[in-house]
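Open the model in your viewer and keep the selection tool at hand. We will go stop by stop.

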Amino acid sequence: MSSQLATCLRIARQFSTDPSKHQKFLARTFSSSARRYEINKVVGSADLAIKDMKSNSTLLAGGFGLSGVPDSLINAVRANPSITGLTAVSNNAGVDGSGLGLLLQSKQIRKMIASYVGENKTFERMYLTGEIEMELTPQGTLAERCRSGGAGIPAFYTPAAFGTVVQTGDLPLKHNSDGTVALYSKARDVKVFDNKSYVMEEAIKGDYAFVKAWKADKLGNCQFRYAAANFNGAMGRNAKMTIVEAENIVEVGDIDPAAVHLPGIYVKRVIQSTTDKKIEKYTFAKEEGEEQGAAALGKGDTANKRERIVRRAAKEFKNGMYANLGIGMPMLAPNFVDPSVEVMLQSENGILGLGPYPKKGQEDPDLINAGKETVTLLPGAAVFGSDESFGMIRSGRVNLTILGAMQVSANGDLANWMLPGKIKGFGGAMDLVSNPSATKVVVTMEHTDKKGNPKIVKNCEFPLTGKTCVSRIITELCVFDVDFTNGLTLIELADGVTVDEVKSKTEAPFKVADDLKPML
């Protein structure tokens, strides 16, 4: 008989003759708070938390714009110049002088995997001059690649980016110093499911994840606050070494179990955040006598054109809809919706029930929309991570999306993410237009560009955001309906505009509806 078995039998005999010993044993083994609290993942500083971080690692960093960014940890890496060659995975790279932008300036990042360059001029310049490699990824795909990496799923198929440079392998990853392309991406595998084409994407696996939490306890359980959740949950579940910086380190049990957004099983270390939260774009509710969004509309004739477009776009909202609005003019459309129409606005950074802009003094850095603007929440709103947000979008739960565009083709192809020599990134647009059979895609834009060239064309010259996805185009001159097979039909004309004028400013051929209506 083995010694282990003999020990077990001896303990069993003791328990059978004295049940109280059994109870004491269980209490000592399973109920002792002293044993339970032996787990303590809190370390004294960001420097200690990253002390064994290695160069040439893959770093996942939560955040969207400047919301939910683990600045204390990023600052610690910046202060340790021996850490170099990083592949950084994040929605964006912050801005000049903040967030991952600091590690770009210090040349500690070798490659970025991101969905958006945004207003980060350093990031754009370094990419276009070959100082950094960048793998642009649709925002929803990025969130799912991170989520899958943490869930043990090596790859998945998504409808986003089919028919674009992402799928065909024509996306520049790295440039030469003169701006020519040194390295292109690889073409993606495509399969058809239920008569629809899907693109295969591989999961991302992280060595380190930097996460920003509102609350964390000694066990590593984390709670996020509002839109600061964004990518933090998906990335925190992914890495071999997840380090959390928390605004508030609380006692075990102080976070309601139902409010734990990132369970401690994923977390290795917790530090106290030592940096102030920042806001990228302060946007406020209108003052008395001021029109909401007046600055976004511009001035003079430009403002008149844009207001006409926005007012018409507001008529696309139907009672009970869930809608997602792009940056710029689309965000102004709710200001012109009839009060009898109730629409729930979804923002892809993790909000359902988006409210109006806050009054001055009531802005909250954890409440921003997809355009990084300060916002509020309506009663009944819900907040969640970016991976869940894009699950809603791809699966067609969003009824309507309104986007801007650089070009739209005769069969509904959309180009809205890149102009030659300028890089903004995909953001969430490729995901938003990936399910046009379930989500109505409406484009709002001026009819011609600044040089007077048509923006409604036979075939898009700029890189595509999506193929055959736009079902309606609204400009200051007219409204077109798009049939993916039969092309454009003019259905409304603005006051004072003729069909001939529309023809002269539209490259794509179109039919005129028998019941052509005024654009109101």
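**Stop 1: helix H8**

Select residues 139-151, which form helix H8 in this predicted model. How far apart should the ends of its 13 residues be? At 1.5 Å a residue, the expected span is 18 Å. The end C-alpha atoms are 18 Å apart, so the helix agrees with that expectation.

Now show the surroundings of H8. Is the helix enclosed or open to the outside? Of its 13 residues, 10 are buried, so H8 is largely enclosed by the rest of the structure. A residue counts as buried when its relative accessible area is under 20%. Click through the start of the helix: Gln-139, Gly-140, Thr-141, Leu-142 and Ala-143 are among the buried residues. Glu-144, Arg-145 and Cys-146 are buried too. Ser-148 and Gly-149 also belong to the buried set.

Step just past the end of H8 to Gly-152. Its phi is positive, about 75 degrees.

**Stop 2: two asparagines with positive phi**

Most residues other than glycine have a negative phi. Here are two residues to set beside that rule.

Select Asn-56, in the loop between helix H4 (46-49) and strand E1 (58-61). Phi of Asn-56 is near 60 degrees, a positive value in a residue other than glycine. Is Asn-56 buried or exposed? Its relative accessibility is 61%, so Asn-56 counts as exposed; the cut-off for exposed is over 50%.

Next, select Asn-195. You will find Asn-195 in the loop between strand E8 (190-193) and strand E9 (196-202). Its phi is near 65 degrees, again positive in a residue other than glycine. With 80% relative accessibility, Asn-195 counts as exposed.

**Stop 3: an open sheet**

Switch to cartoon view. Find the open sheet of 3 strands in the order E20-E19-E24, with mixed pairing. Which strands stand at the edges? They are E20 (414-415) and E24 (456-457). Each has a single partner strand, so one side of each is left without a neighbour in the sheet.

Strand E19 covers residues 407-409. E19 and E24 run parallel and are joined by 2 bridges. To see the match, select Ser-409: opposite Ser-409, in E24, stands Val-457.

**Stop 4: two hairpins**

Strands of a sheet pair through backbone hydrogen bonds, either parallel or antiparallel. Select strand E25 (residues 472-474) and strand E26 (residues 478-483). These two run antiparallel, with 3 bridges between them. A hairpin of 3 residues links E25 to E26. Pick Ile-473 and look across: its bridge partner in E26 is Phe-480.

Follow the chain on to strand E27 (residues 487-493). How many bridges pair E26 with E27? There are 6, in the antiparallel sense. Asp-481 stands opposite Thr-489 in E27. E26 and E27 form a hairpin as well, with 3 residues between them.

**Stop 5: the second largest pocket**

Rolling a probe the size of a water molecule over the atoms shows where empty space is left. Turn on the surface. The second largest pocket holds about 540 Å³ of space. Helix H13 (329-332) and strand E17 (377-383) are the elements that give two or more residues to its lining.

Which residues lie nearest the centre of this pocket? Select Pro-334, Leu-345, Leu-354, Gly-355 and Pro-356, out of 21 lining residues. Then colour the lining by class: 15 residues are nonpolar, 3 are polar and 3 are charged.

Definitions and conventions
Residues numbered from 1 in each chain as written. Predicted model: local features only at pLDDT ≥ 70, side-chain atom pairs only at ≥ 80, totals over all residues. Heavy atoms only, no water. Helix = DSSP H or I, 4+ residues; strand = E, 2+ residues; numbered from the N terminus. Expected span 1.5 Å × (residues − 1). Buried < 20%, exposed > 50% of the residue type's maximum accessible area, 1.4 Å probe, protein only. Pairing = 2+ DSSP bridges. 1 Å grid on protein atoms, 1.4 Å probe; cavity = no way out; pocket = protein on both sides within 12 Å on 5 of 7 lines; lining within 4 Å. Points joined across faces, edges and corners; volume = space filled by probe spheres on them. Nonpolar A, V, L, I, M, F, W, Y, C, P; charged D, E, K, R; others polar.
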